[in-house]
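Colleague: Got a minute to go through this model with me? I have a handful of short questions.

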Amino acid sequence: MKNSIKLLFVIGLFTLTSCESNLDTINENPNDQASIDPKFLLTYVSKSAFQVNGDNMYASRMMIGTDGENTYQYMKWNDASFDVYTSGLLNTVKMMQEAEKINNKNYQAIGKFYRAFYFFNLSLKFGSIPYSEAVKGESGITQPKYDSQETVMAGILSELKEANDLINSNDKIEGDIIYNGDATKWKKLINSFRLKILITLSKKATVGNYTVATEFASIAGSQTLMSSVTDNGELKFADAADSRYTMFNNSGYGSSLYMADYFINLFKAREDPRLFTFAAQTTAAKEAGKPITDFSGYNGGNPTSPYSDNAALVASKNISKVNDRFYKDATNEPSSVLSYSELEFILAEAAARGWISGSAKTHYDNAVKASFTFYQTYVKNSNQYFTGFDVNQYLTKSLVLYDNSASLPIQLEKIMTQKYMTMFHQSQWTSYYDYLRTGYPNYPLQTGVAAPVRFRYPQAEYNYNSVNLQAALTAQYGGNDNINSKPWWLQ
């Protein structure tokens, strides 16, 4: 495994010329004459795609910094990178090409999943992006056009549909660090991800030729989906070079990163023991000898306050750090891009909206139970946090209890709040996008500062693909490339 990772890192280097990649470089593939077993590429792509994203923890009001003004915490970010075209997409396409040579449909299907995954996240980040002409340097396309966000979303839905049709029990899947070669589990992830895309487009009635609610109901009613936490689309870490937990030995986690009070207070109000797996006791609580299961021993900082005010909480010993397992445990919990718990929340929302029949409460309860199962399974020595806990009793608490007869806004707030509470260092930017889409949970914001709805395009695109970029900006944002220009999916 170690040798495979190193080999693929070399392949990645061939596709990169700088940290700020441009699409001239992206579309030139120096490996066009090379052959490599697709199993090596699958390992590399999977390892890259499933990493933890820490920036969302600030934007989603879960963590704060105390040693300077974090741009994500204070909603002041600017441009982002197109590096994923080289680090992920080019190697994904290469895997699919190599799979075609050996007539292995499963690698092609998984490649379509990763294409959908990468393009989905890129489009949510920016809006219109190169899609139909992207990663086609071998065909001479070095300055690809931008496709509209609707075109991208419709296209990846079709790619996932094709992936579902391709996946089979005959073609062997090697190099699979996600499902260990289990094609059925890949099929479940592919179809569940189709539902994730469709629920993300809840503000739109149609996307391309798809009717959003109808397509959702069709998939939910006829396709195999995740059915337990063992189906989670997640990366398990190992205590070996290049395979350790993403945040392992991160110095900031041990020094200047603390919990946000908004996030902590949701757990304290519900007496939810998952809090103890995320946060550490305050120094004052430790010195007072309070049990780790005493909710009064946990406190966060205000994500909208100046960082110096939160630093004062550190001095007064009245703020919780992130639980040290996130930076001291080389293996820690797996990192998911889509879990069974998240899928059940998606189904609960669809039922609440009337897209599918059945009880939203049943799906909601399943989602909450699955989240507890995850933490009780993967957090080491979890009994110290969950001893005596009864999830069925938890589901009857007034702040947790789900009511199918409540108005849609009340149902959505309940679903999105609990969904948010499962996403500490999980599912990358999903919690923030859910907030943009639904308004729930209601993030605290600084007065006069709106939550950004996108990132600016990379400077490299202005330098190397400016004609196509300017056309895209004019078509979608009236030429304005700023973080408050609302993309199609939110309109």
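Colleague: Is Phe295 buried or exposed?

Modeller: Phe295 counts as buried, at 17% relative accessibility. The cut-off for buried is under 20%. Keep in mind that this is a predicted model.

Colleague: Which ring does Phe295 form an aromatic pair with?

Modeller: Phe276. The centres of the two rings are 4.8 Å apart and the planes are at 40°, which puts the pair in the tilted class. Phe276 is buried too, with a relative accessible area of 2%.

Colleague: What parts does that pair tie together?

Modeller: Phe276 is in helix 12, while Phe295 is in the loop between helix 13 (283-287) and helix 14 (307-315), so the pair links parts that are 19 residues apart in sequence.

Colleague: How many aromatic pairs are there?

Modeller: The count is 57 aromatic pairs. One of them is Phe237 with Tyr245: the centres are 5.1 Å apart and the planes are at 80°, so that pair is edge-to-face. Phe237 is buried at 11% relative accessible area, and Tyr245 is buried at 2%.

Colleague: Any charges over rings? Which ring does the charged end of Arg274 sit over?

Modeller: The ring of Phe372, with the charged end of Arg274 4.3 Å from the ring centre. Lys125 does likewise with Phe455, its charged end being 5.4 Å from the centre of that ring.

Colleague: Lys125 again, then. Which pocket has Lys125 among the residues closest to its centre?

Modeller: The largest pocket, which has a volume of about 930 Å³. It is lined by 26 residues, and Ser48, Asn53, Val84, Ser87 and Lys125 are the closest to its centre. Helix 1 (2-14), helix 3 (38-49), helix 5 (84-101) and helix 6 each give two or more residues to the lining. Helix 6 gives the most, with five.

Colleague: How do the lining residues of the largest pocket divide by class?

Modeller: There are 14 nonpolar, seven polar and five charged residues.

Colleague: Now closed space. How many cavities of 30 Å³ or more does the structure hold?

Modeller: Four. The largest has a volume of about 150 Å³. Of its 16 lining residues, Ser336, Ser339, Ser341, Phe374 and Thr422 are closest to the centre. Helix 17 (360-378) is among the contributors and gives the most to this lining, with four residues. By class, the lining has six nonpolar, eight polar and two charged residues.

Colleague: And what is in the lining of the second largest cavity?

Modeller: That cavity holds about 120 Å³ of space. It has 17 lining residues, with Phe120, Asn121, Lys196, Glu342 and Thr430 nearest the centre. The lining divides into eight nonpolar, five polar and four charged residues.

Colleague: Different topic. Why is helix 11 called largely enclosed?

Modeller: Because seven of its ten residues, in the run 261-270, are buried. Those are Asp261, Tyr262, Phe263, Ile264, Leu266, Phe267 and Arg270.

Colleague: What do the buried residues of helix 11 pack against?

Modeller: Strand 5 (257-259), helix 12 (274-278), helix 19 (391-394) and helix 20 (408-421). Just after helix 11, Glu271 takes a positive phi of about 50°.

Colleague: Last one: which residues does Lys161 touch?

Modeller: Arg194 and Tyr210, leaving out residues up to four places away in sequence. Lys161 lies in helix 7 (residues 149-166) and is partly exposed, at 41% relative accessible area.

Conventions: Residues numbered from 1 in each chain as written. Predicted model: local features only at pLDDT ≥ 70, side-chain atom pairs only at ≥ 80, totals over all residues. Heavy atoms only, no water. Buried < 20%, exposed > 50% of the residue type's maximum accessible area, 1.4 Å probe, protein only. Contact = heavy atoms within 4.5 Å. 1 Å grid on protein atoms, 1.4 Å probe; cavity = no way out; pocket = protein on both sides within 12 Å on 5 of 7 lines; lining within 4 Å. Points joined across faces, edges and corners; volume = space filled by probe spheres on them. Nonpolar A, V, L, I, M, F, W, Y, C, P; charged D, E, K, R; others polar. Phe/Tyr/Trp six-rings, centres within 6.5 Å; stacked < 30°, edge-to-face > 60°. Lys NZ or Arg CZ within 6 Å of the ring centre and 35° of its normal.
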